[in-house]
Amino acid sequence: MNIDSHNIDELLNRFFDGDTTCAEDRALQAYFADTDTLPEHLRQYAPMFAWYADGMPTEPGAELKPAAAPRRRTGIKPLLWWASTAAAVAIVFAAGWQRHTDAATDNMLARQYEGSYTEVNGVINTDIADIKAEIDITQLEAQRIERELEAASLTLESESYIEFTPTTQNSQI
């Protein structure tokens, strides 16, 4: 490809848009290699195309070096990573197990109490989840009443153990 002062601006625009072919890229690199004949307004692009022609090293003027082999991790960080990963897996497993056992319990209760219902203020409820919630509420209320009765019983017992010392009268015979 022949580059001259008439088509260089259009070719540069295509290059910056990413629309040039490999042959056009090589021609641009060759064109910008001869800095003595470059027009003044294009000299700013000469270092960039020289960099492309050199294989785009990481720093201007630096040679490309093969990448170093990755280091093997040693020390506490890999151990912590594996431990935290194992803990996360254990938590997920435990949560899944809990959901499984809760579902199994609910299925057992559904079979056990199939056909059961509650009636509150004349409204009949046959939803097993609502019935289970009502049973839980009733059990909590029974436990509260039981604690109140125990406290009252202890109070009565402590009051009945008041010491009584009979007074003796001296009687003369």
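Here are three short exercises on helix packing and side-chain contacts, each with a worked solution.

The model is predicted, so local features need pLDDT of at least 70, side-chain atom pairs count only at pLDDT 80 or more, and totals for chains, interfaces and linings use all residues. Residues are numbered from 1 along each chain as its sequence is written, and side-chain values use heavy atoms, with hydrogens and water left out.

**Exercise 1. Work out how H1 and H2 pack, and where Glu24 fits in.**

Solution. Start with the elements: H1 covers residues 8-17, and H2 covers residues 22-33. Helices here are DSSP runs (H or I, at least four residues), numbered from the N terminus.

Next, the geometry. The two axes come within 11 Å and cross at roughly 125 degrees. That makes H1 oblique to H2; angles under 35 degrees count as roughly parallel, over 145 as roughly antiparallel, 65 to 115 as roughly perpendicular and the rest as oblique. Axes are lines fitted to C-alpha atoms over the stretch in contact, with angles running from 0 to 180 degrees between N-to-C directions.

Now the residues. On the H1 side you'll find Ile8, Leu11, Leu12, Arg14 and Phe15, and they meet Glu24, Asp25, Leu28, Tyr31 and Phe32 of H2 (contact means heavy atoms within 4.5 Å). Sorted by class, that contact has seven nonpolar, no polar and three charged residues.

Last, zoom in on Glu24. Its relative accessibility is 10%, so Glu24 counts as buried (under 20%; exposed is over 50%, partly exposed in between, with a 1.4 Å probe and protein chains only). The side chains of Glu24 and Arg14 are joined by a polar contact of 2.8 Å (a pair of N or O atoms within 3.5 Å, one able to donate a hydrogen and the other to accept it).

**Exercise 2. Describe how H2 meets H3.**

Solution. H3 spans residues 46-53, and its axis comes within 9 Å of that of H2, crossing at roughly 125 degrees. H2 and H3 are therefore oblique to each other.

For the residues, Leu28, Gln29 and Phe32 from H2 meet Ala46, Phe49, Tyr52 and Ala53 from H3. The class count for this contact is six nonpolar, one polar and no charged.

**Exercise 3. Is Glu141 buried or partly exposed, and which side chain does Glu141 contact?**

Solution. First, place Glu141: look in helix H5, residues 128-160. Then check accessibility: at 36%, Glu141 counts as partly exposed. Finally, find the partner: the Glu141 side chain makes a polar contact with the side chain of Arg144, at 2.3 Å.

Technical notes: Helix = DSSP H or I, 4+ residues; strand = E, 2+ residues; numbered from the N terminus. Nonpolar A, V, L, I, M, F, W, Y, C, P; charged D, E, K, R; others polar.
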